[in-house]
Amino acid sequence: MSEEIKKPKKGPDIVDRIWNIFTSLKLVIVLLLILSIVSVLGTVIEQNKLPQEYYSYLSPGTVELFGKLGFLDMYHSWWFISCLALLALNIIACTMDRYPAIIRGMKKKNVVLDDKLEAELTADLTKIKYNLPAEEVEKQAIALAGKDFSVHPLVTEVENTRHLFFETGKYSRLSFLLTHLSILVIFAGAITGSLFGFKGYVNVYEGETISAISAGKNEVKTLNFSVRCNSFNVDFYPNGMPKDYRSDLSVIQDGKEVIRKTIRVNDPLTYQGITFYQSSYGGFPDITFDVMDKNGVLLGSAFTPFRKETAVPGANLTIEVADYQEHFHLPDGSEGGPAIGLNIYSPAAPPEGIWITPGQPGVNHDGTYSFVVKGFNMKKYTGLQVAKDPGVWLVWLGSIMLVVGIMLAFFVSHKKLWIRIRSDEKGKTELTAGGTANKNKHAFASELKRLAKRLQEVS
């Protein structure tokens, strides 16, 4: 007698384990969670701004740290692209895993209501007997079922029994493929835009013409044309918040103006696939100060360009216009009008900063010097976001596919209806009807009840 040797059960091999990881729901949830958090960070931390704009609200060390971590251009960072690649692989694996079952569900077509299928449909089965010819019952049954199933039935006759098969919404099973494919198309559009497009910012003073922009990481993009800011204007609400700001821009090519447009937020200018969005605005004042000692004696006048240290003639100090606010808010929250932030550097004292309101003298902390605005020249600029995205049409295509896929998934179901007509041993015509749906089964059960009620009224 030979001894049966039990072989140890083999677990999934390494390929199966990797496949299971990429087809798991856990991986999808983790990746979507990471991408959601990163997207929030990308919204809070402005991307691809000029370094001096980050320095206005972040310390140099923080800016350097964020730059190394890729937080200032996170949508082009290796870890963000890796997350997208993992998600794309996950989607492809899930699609390949479920595709055979979906195709089988579409191809499976049992057109005959036999005993086995009848047992499966017991819950929604309707049986009615008529004192009418089978041909008349079939004719009226097709007409009544056609109110909910607007297709011609597939008729099969087996052993003097007629089987009517109705089927609608078969291709709604492809909604799964369509939604997953749409995400891959959107990814393809984003990658195309990332590889072959660019996004940058530029500040243009009124009357100035630019032909290059900063695209981040010290990269400068040279345009095939020039853009001139003819004028910039901004309107404010009574509380000082900007109401509307707009730039009058001209595109210059070969020395000629080819396009002129006033842009606003969400109303950009596009030329040769490059779009100019109204992003921000500001102004840098050049100011002339009269500087006096504590007795009010004029020491000298100094023309002070914005953010440039300037020596004051007749005094052993330098000054710098570090900030300017059009609507300065006082400590009690009230509107204080325009104010100039002035830094004062003296060998005899630590650096100090004061706010000066035009029309009123500003005095340093120990009263040694006072400053009066003698001349004021505001240079306004418009802040433009400049973008070229050749993948935007793929993103639009993917978005449309996604909407269609979601509509199919939520509002269309694969429904099947069987009607069997035969004569019983007493010569009466017996009708049996039942059906199935892959989604929204409660609503489909109501449809079957309405059909059963109509069939019972056949006479």
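**View 1. Phe-410 and the nonpolar surface patch of the predicted model**. Phe-410 is part of helix 9 and counts as exposed, since its relative accessibility is 64%. On the surface, Phe-410 joins Val-403, Ile-406, Met-407, Phe-411 and Val-412 in a nonpolar patch. Together these residues have about 630 Å² of accessible area.

**View 2. Helix 8 and the elements it packs against**. Helix 8 covers residues 175-196, 22 residues in total. From first C-alpha to last, the helix reaches 31 Å, close to the 32 Å expected at 1.5 Å a residue. Its buried residues include Phe-176, Leu-177, Val-185 and Phe-187, as well as Gly-189 and Gly-193. Polar residues are also among the buried ones, including Ser-175, Thr-179, His-180 and Ser-182. The buried residues of helix 8 pack against two helices, helix 5 (78-107) and helix 9 (392-411), and against two strands, strand 4 (198-205) and strand 17 (369-388).

**View 3. Cys-83 and Cys-94, without a disulfide**. The count of disulfides comes to zero. For Cys-83, the closest cysteine sulfur is that of Cys-94, and the 16 Å between them is too far for a bond. Cys-94 is likewise in no disulfide, its nearest cysteine sulfur being that of Cys-83. Cys-83 is buried at a relative accessible area of 13%, and Cys-94 is buried at 14%.

**View 4. Salt bridge between Lys-127 and Glu-118**. The side chains of Lys-127 and Glu-118 meet with an N to O distance of 2.8 Å. Glu-118 is buried, with a relative accessible area of 12%. The whole structure holds 15 salt bridges.

**View 5. Salt bridges of Asp-244 with Arg-264 and of Lys-261 with Asp-267**. Asp-244 and Arg-264 form a salt bridge at 3.2 Å, N to O. Asp-244 lies in strand 7 (residues 242-253), while Arg-264 sits in the loop between strand 8 (256-263) and strand 9 (269-271), so this pair ties together parts that are 20 residues apart in sequence. Arg-264 is partly exposed, at 33% relative accessibility. In the salt bridge of Lys-261 with Asp-267, the closest N and O atoms are 3.1 Å apart. Lys-261 is partly exposed, with a relative accessible area of 27%, and Asp-267 is partly exposed at 32%. Asp-235, Asp-244, Arg-246 and Arg-264 are joined into one network by salt bridges that share partners.

**View 6. Ser-346 in strand 14**. Strand 14 spans residues 339-346 and contains Ser-346. Ser-346 is buried because its relative accessible area is 19%, under the 20% cut-off. Leaving aside residues up to four places away in sequence, Ser-346 touches Asn-316 and Leu-317.

Key: Residues are numbered from 1 along each chain as its sequence is written. This is a predicted model: local features need pLDDT of at least 70, side-chain atom pairs count only at pLDDT 80 or more; totals for chains, interfaces and linings use all residues. Side-chain values use heavy atoms; hydrogens and water are left out. Helices (H or I, at least four residues) and strands (E, at least two) are DSSP runs, numbered from the N terminus. Buried means under 20% relative accessible area, exposed over 50%, partly exposed in between (1.4 Å probe, protein chains only). Contact means heavy atoms within 4.5 Å. The expected span of a helix is 1.5 Å times one less than its number of residues. Patches are made of residues with over 30% relative accessible area and no salt bridge: like charges are joined within 9 Å, nonpolar side chains (Val, Leu, Ile, Met, Phe, Trp, Tyr) within 5 Å. Accessible areas come from the Shrake-Rupley method with a 1.4 Å probe; for residues, only the protein chains shown count as cover. A salt bridge is a side-chain nitrogen of Lys or Arg within 4 Å of a carboxyl oxygen of Asp or Glu. A disulfide is a pair of cysteine sulfur atoms within 2.5 Å.
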